[in-house]
Amino acid sequence: MAVVASHATASSVQQTKGDFVDKFRQLEEVLPTPNQYRNAAGEPGDQYWQQKVDYRINVTLDERKRRLKADQQVTYTNNSPYTLRYLWLQLEQNRFKEDSMAERSVEFGGIGRRGPSTRSMEDGVKAGISFGELERQQWLADHQVGYDILNVSASDGTALPFVIAGSQMRIDLPQPLGSKGQLSFNIEYAYNIIEEDAVSARAGYEHFPNDARKGGNDIFLLAQWFPRLQAYSDYEAWHNKEFLGRGEFTLEFGDYEVNITVPADHIVSSTGELQNANAVLTKTQRERLEKAKTAKRPVFVVTAEEALENEKEGTKETKTWQFVAKNVRDFAWASSRKFMWDAKGVAQPNSAEAPLVMAMSFFPKEGGELWRKYSTEAVAHTLAVYSRFSFDYPYPVAQSVNGPVGGMEYPMITFNGPRTTWQEDGSRTYTQAEKRFLIGVVIHEIGHIYFPMTVNSDERQWTWMDEGINSFLDGVAGREWDPTIPWGVEPRDITWYMKSDVQVPIMTQSDSVLMLGPNAYTKPAAALNILREVVLGRERFDFAFKEYSRRWKFKRPTPADFFRTMEEASGVDLDWFWHGWFYTTDHVDISIDRVYKLRLDTENPDIDFKRDREDHAIKPTPLFEQRNRAEKRKTWVELNKDVRDFYDENDRFTPTNKERNAYQQFLADLEDNERKALERAIKEDKHYYVLDFSNLGGLVMPILLEINYRGGKKEMLHIPAEIWRRSPWKVSKLIVSDKEVESFVVDPQWETADVDVENNHYPRRIIPSRIEAFKAEESIDPVYRDIMHDITTEKEDPKVKQRMK
Ligand SMILES: [Zn+2]
């Protein structure tokens, strides 16, 4: 080890009266006060409670009308210590109604729109609206959307009074429901299913007009399809934040029994375990499913040929598929005659809940090779990686279903969008981006079955708690799948965002976030990656993260519970980290501004004056003197060599006995230990480097310092973030080394999301970049059109492009 000692020098403290900043201030001042429900360790307290809501639903899919009709019995168990006089339900389908808060609060300039500006008036750039947005508005204008609530009644059949307010419904209870009380009620409802491609709703139908069957076929993805109880929690009571389309769902756990009636030739994939395989699958299909349990590669339960055959016909007959799901916080399903279905078993020998999980995929021919090869394998890979980080997958099935939704998660079932492209020769191909998309989205959505489907964080409020944590883990799983695929999950992938001015802190409610992707997915994922690889190290991070997962499995954590658990279980004070990364928009930009090389004075005049002379000699000769010499101009001294005195023979660095005596006296006055220390330091004659760093981004971080010695050896020095504790903007560090240093580099592996890596080099380096020759763009002003020539163009028939997916 060449670095023998180092410390920050006190003279570097830059804070002055009036602008003192403490980046290490404890977060307890901001976090909610611990109580008996959530304690100071970040654990569920000894009085922790949560409600339980069980559902029994009979639902029928009317394929022709694309309409769902259902009756459901809800059993609500009040585990809170409080009495409830009313219940709140979420009617998420009502968000599409034109009088919903979601529709009324849409601003122009959002997705699919480009707002006008004063600039556009001057330079002719027009405001814009995308075809997708036009299609959405037209579809919603042409269809009746939202729930028809047909009946709400108590278990004895008497009608219950209710009020619908936007996408919420309040049911008034005839008798107050006391603590530990339970009640059942029924709701009948129906609604028209949204066309997902037109409206973008996280669920809905997709129409395939080119299928062999007359009129084509549909894939139905059903989610947010039944009235669900609002969450009622110890920290917010009823969670009444209206659904605006972005902040996802805040839900209660419960048990479900759902009977799904669909056309008899449909294949259904659903949350839960299928109860009546005998009634809905053929003997061959059941045998294949059995074989799949121990297969190395996925086995087809419904083959491509069978699905293609199903696509041609259609039927008026129906079948009812029965599913049971225990301890889930939601329920979704999918249905189509286009589905092929493959499956393979994943053994979890240590799991009491699910010793065998069936990893399964449901997809149409449009999914092609991509789905056949990778979907179910990606499901199985996700279980392996996520279980290692948290707990065994807690449910009997894990499914990936292809449909019109890009990617969406529900307990035991996920909807994933990537497809192959049909080519003229009948083959289907996909780009590398589509391959990455498929593997990545399956990992991500299946990962959500852990977070937030099992670790039940509040999605409506804090998107980062499910998306950020999940993106961190999908980054782990993606890189363990194939690190040569650019997953976009490295800390360096977030620097563009962190230095941009379109930011709000991660700790911002979902619907108010600017740029949800980088804010709630990539930035928290990068933060956790850095926490693991740079701040805590893998052992401490993984232990703490697993503890968080264990503590909050099937429970409802808040951000404070996460922050507290990670800190308490890792044994490291992380308040500075949470504060910087989650509560501010600061970024990381540490600059190494200057390095001084120092040498210890020996105090011996014979040595120190000699060194002074050498230091003087390396200073450049003044230009004046150089030019005089070039002109062969002689000095007076040169022309008059006969006149000489003492100072011509002895320069100003000549030591005298006066200094030698003083030096001996200085040595004699030293204590023994002081003299020993000085003698040793002089003998070792080490190199002392003082490095000046500045924190340009505001976010305090550890300084990862690469030291490059003369001769080619390298060494890494990890300086903890705490170096900034008294001086957050500028700090100096002394490094004592027995070898001479050639250069220093801060964060050479780009592990800290430092937004400017060029000021990390000392000495600075030449910045590698590229340049491209370009042609100036032509003006769009109509005055430049050659109408005189273009008017003579002959009229052609348009070539109609056939829409093939
Ligand atoms: Zn997600």
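Two strands are taken as paired where DSSP finds at least two bridges between them. With that criterion in mind, the tour of this predicted model begins at a sheet.

**The sheet.** Select the six strands of the open sheet, which run in the order β19-β22-β23-β24-β26-β25 with mixed pairing. At the edges stand β19 (299-302) and β25 (407-410); each has a single partner strand, so one side of each is left without a neighbour in the sheet. From one strand to the next, the twist averages 20 degrees. Next, isolate β22 (residues 340-347) and β23 (residues 356-363), an antiparallel pair joined over eight bridges. Within this pair, Val 346 is placed opposite Val 357 of β23.

**The helix on the sheet.** Add helix α8 (residues 368-389), which packs on the sheet and touches β19, β22, β23, β24 (397-402) and β26 (413-416). The direction of α8 makes about 155 degrees with that of β23.

**The nonpolar core.** Now display the largest nonpolar core, which has 198 residues. Trp 225, Trp 333, Phe 415, Phe 562, Phe 577 and Trp 581 have the most contacts inside it. Helix α8 gives the most to this core, with ten residues. Centre on Trp 581, whose contacts include Met 498, Ile 506, Lys 523, Leu 699 and Met 701.

**The zinc site.** Finally, select the zinc ion. Its protein donors are NE2 of His 444, NE2 of His 448 and two OE entries of Glu 467, lying 2.0 to 2.6 Å from the ion. The site is irregular, with angles of 56 to 151 degrees among its four donor atoms. His 444 lies in helix α9 (residues 432-447) and Glu 467 in helix α10 (residues 463-481), so the pair ties together parts that are 23 residues apart in sequence. His 444 is buried, with a relative accessible area of 9%; Glu 467 is also buried, at 2%.

Methods:
Residues are numbered from 1 along each chain as its sequence is written. This is a predicted model: local features need pLDDT of at least 70, side-chain atom pairs count only at pLDDT 80 or more; totals for chains, interfaces and linings use all residues. Side-chain values use heavy atoms; hydrogens and water are left out. Helices (H or I, at least four residues) and strands (E, at least two) are DSSP runs, numbered from the N terminus. Axes are lines fitted to C-alpha atoms, for helices over the stretch in contact, and angles run from 0 to 180 degrees between N-to-C directions. Contact means heavy atoms within 4.5 Å. A nonpolar core is a set of buried Ala, Val, Leu, Ile, Met, Phe, Trp, Tyr and Cys residues joined through side-chain atoms within 4.5 Å. Buried means under 20% relative accessible area, exposed over 50%, partly exposed in between (1.4 Å probe, protein chains only). Donors are N, O and S atoms within 2.8 Å of the metal (3.2 Å for Na, K and Ca); water is not among the atoms, so sites may look incomplete. Four donors count as tetrahedral if all angles lie between 85 and 135 degrees; four count as square planar and six as octahedral if opposite donors are over 155 degrees apart and all others between 65 and 115; anything else is irregular. Lists of a residue's contacts leave out its neighbours within four places in sequence.
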